[in-house]
Amino acid sequence: MQLLRSAIRRTLLFLTGLALLIGLSGIPPAWSLVSESDREVVVPASEAIADDFYAAGETVTINGTVGGDAILAGEQLIINGAIEGDLIAAGQTVKIAGAVGDDVRIAGQVLMLAPEARIGDDLVAAGLSLETQTGSTIGGNVAFMGSQALLAGTVGETAQLTTSALQVQGTVGGNLDAKVGGNNFASPGMFDTPLPIPEVPSGLTLAAEAQIQGNVSYPATAAANIAPEATIGGEVVVVKPSPPEEVSPDAGQVVWETLQRWIALSLVGLLLLWLVPDWTQNLGETARSRVLPSLGWGILTLVLVGILTALVIPALSLLLVGILGTTLSSLAPLVLGIALLAELILIVGFLIFVGYVPQVALGWLGGQWLLSSMQPTWAANRFLPLLLGLLLFVILTAIPGFGALLNLVIMLLGLGAFWIWIRPKLGSVF
C-alpha cells in the first residue's frame with residue numbers, strides 16, 4: 001500500500017506540473033510583448049506588461065516590468081526588471097536581480113538573489129543551493145528546504161530553513177529556525193551550472209557580521225559555529241531530540257477498531273452477496289482452487305496498476321496535449337480533464353477493490369469451510385459464513401506482523417482471482 005501511495009503522490013505531482021504547462025501555453029496575450037525564439041524568451045527593458053505573464057523556454061529573461069504575477073519555467077530564469085505581483089518559477093537556475101512586489105515561490109538547482117534583489121513579502125524556496133547576496137532584501141519571511149543556504153542579505157522577519165548547511169552573514173529580523181543536519185551535496189564544482197554555487201560548511205555557521213533579532217534554534221546533533229561577534233537579540237536554543245515514546249497499545253481501542261473494521265467489511269460483504277452473489281463466491285473459489293496462479297497474477301496486477309497510474313496515463317496525456325497544443329489547443333484542457341478523471345477512477349476503484357473485495361470473497365470462503373466442519377446446516381446460509389469468516393479475518397489481521405502479511409496475501413489472491421476471471425471477457429471484447 002505504501003508503494004501505491006507513493007505512486008499516487010508522484011502522479012498527482014506530474015499532473016499538477018502538466019496543468020501548469022498547459023496554463024503557460026494557453027494564455028497568449030503576453031507573448032506579443034516579448035521577443036521569442038525556440039530557446040529564449042525575453043521581456044525587453046523598454047516593455048511593460050500590464051497583466052500577468054506566463055512563459056516557458058530554455059532561457060527566460062525579464063528585463064522590463066510585469067504589472068501582475070509572473071509564472072515561469074525553464075532552464076535559466078533571470079529577473080532583472082520588476083514584477084509587481086508574485087513570482088512563481090521553476091528551473092535549473094533562478095536568479096533575481098530586480099524587484100518583486102509580493103511573494104516569491106521558486107524551485108531549482110541553484111537559486112540566487114543578487115545584491116539588487118528586492119522582495120516585498122515572503123520567499124518560499126526549494127532546491128540544491130540558495131544564496132541571498134549582500135544588499136538583497138526580503139521584506140517578509142524565508143522558508144527554504146534544500147542542501148545548503150547562504151544568507152548574506154536582509155530578511156525582514158523570520159527564517160526557517162531545513163538544510164544540511166546554513167551560513168548567515170546578513171540580518172534576520174525575527175527568529176532563525178535552523179533545522180540542519182546530514183550531508184551537503186552542493187559542493188562547488190560538483191555540478192555544471194550557469195550560476196556559481198557558494199561553498200557553505202556543513203551545519204550552522206553564524207559569521208561575525210550576522211545579526212539575528214530574535215532567537216536562534218538548531219538541533220543538538222548538528223555542528224554549530226557561532227562567532228562571538230555575531231549579534232543575537234534573543235536566546236540560542238539547542239533542540240535536543242525527543243526520546244521515542246513507548247506507547248502501549250490500549251486493549252479497548254484495539255478491540256473497538258477491530259469491531260469497526262468487521263462491521264465495515266460485513267456491510268460491504270452483505271451488499272456484494274445481495275447484488276452479485278455468484279460473482280463474489282466464484283472469486284473466492286477461484287482463489288482457493290488456483291492459489292499460485294492467483295498470487296502470481298495478483299502481483300502482476302499490482303505492478304500493472306502502478307505503471308498505468310504513474311507512467312502510461314500521464315505519458316499519453318502529455319503526448320496528446322503536446323500534439324493538440326500545436327494544432328487544436330482548445331482541446332488540450334479537455335484531454336487533461338479526461339486524464340485526471342481516468343487517474344481518479346482507476347486509483348479510487350483500485351483502492352476500494354483491494355480494501356474490501358478480496359477480504360469479503362475469501363472471508364466468505366473461510367466461513368464456509370468452518371461451518372461445514374462444525375455445523376453443516378448453517379453453511380447453507382448465504383450470510384452466516386461471511387460474518388464468521390470476516391470475524392476470523394479481522395482478529396487474525398490484528399496480530400502485529402502476521403496480520404500485515406496475511407492481509408497482503410489475501411489482497412494479492414483477490415487481485416489475481418479477479419484478473420483470472422476478467423481475462424476471458426477481455427479477450428472476447430478485443
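User: Which residue of β24 stands opposite Gln211?

Analyst: In this predicted model, Gln211 stands opposite Thr231 of β24. Strand β21, which covers residues 211–212, runs parallel to β24 and is joined to it by two bridges.

User: What makes β21 and β24 a pair of strands?

Analyst: Two strands count as paired if DSSP finds at least two bridges between them, and two bridges join β21 to β24, so the pair meets that criterion.

User: Why is β24 called an edge strand?

Analyst: The open sheet has 10 strands in the order β3-β5-β7-β9-β11-β13-β15-β18-β21-β24, and the pairing is parallel. Its edge strands are β3 (48–49) and β24 (231–232), each of which pairs on one side only.

User: Why is the pair of Phe353 and Phe418 called tilted?

Analyst: Stacked rings have planes under 30 degrees apart and edge-to-face rings over 60, with the rest counted as tilted. The planes of Phe353 and Phe418 stand at 55 degrees, with the ring centres 5.0 Å apart, so this pair is tilted. Because Phe353 lies in helix α5 (residues 332–374) and Phe418 in helix α8 (residues 402–429), the pair ties together parts that are 65 residues apart in sequence.

User: How do you know whether Phe353 is buried or exposed, and what is the status of Phe418?

Analyst: Buried means under 20% relative accessible area, exposed means over 50%, and partly exposed lies in between. Phe353, with a relative accessible area of 13%, is therefore buried, whereas Phe418, at 25%, is partly exposed.

User: What makes the pair of Phe418 and Trp421 tilted, and where do these two residues lie?

Analyst: The ring centres of Phe418 and Trp421 are 5.7 Å apart and their planes are at 35 degrees, so this pair is tilted as well. Both residues lie in helix α8, three residues apart, which is about one turn of the helix. Trp421 has 32% relative accessibility and therefore counts as partly exposed. Ring pairs link Phe353, Phe418 and Trp421 with Trp279 into a cluster, and the structure holds five aromatic pairs.

User: Why is Leu311 called exposed, and which surface feature includes Leu311?

Analyst: Because exposed means over 50% relative accessible area, Leu311, at 54%, is exposed. Leu311 is found in helix α4 (residues 291–327) and belongs to a nonpolar surface patch whose members include Ile299, Val303, Ile307 and Leu319, with about 800 Å² of accessible area for the patch together.

Notes: Residues numbered from 1 in each chain as written. Predicted model: local features only at pLDDT ≥ 70, side-chain atom pairs only at ≥ 80, totals over all residues. Heavy atoms only, no water. Patch = residues over 30% accessible without salt bridge, like charges linked within 9 Å, V, L, I, M, F, W, Y side chains within 5 Å. Areas by Shrake-Rupley, 256 points an atom, 1.4 Å probe, with all protein chains shown as cover. Salt bridge = Lys/Arg side-chain N within 4 Å of Asp/Glu carboxyl O. Helix = DSSP H or I, 4+ residues; strand = E, 2+ residues; numbered from the N terminus. Buried < 20%, exposed > 50% of the residue type's maximum accessible area, 1.4 Å probe, protein only. Phe/Tyr/Trp six-rings, centres within 6.5 Å; stacked < 30°, edge-to-face > 60°.
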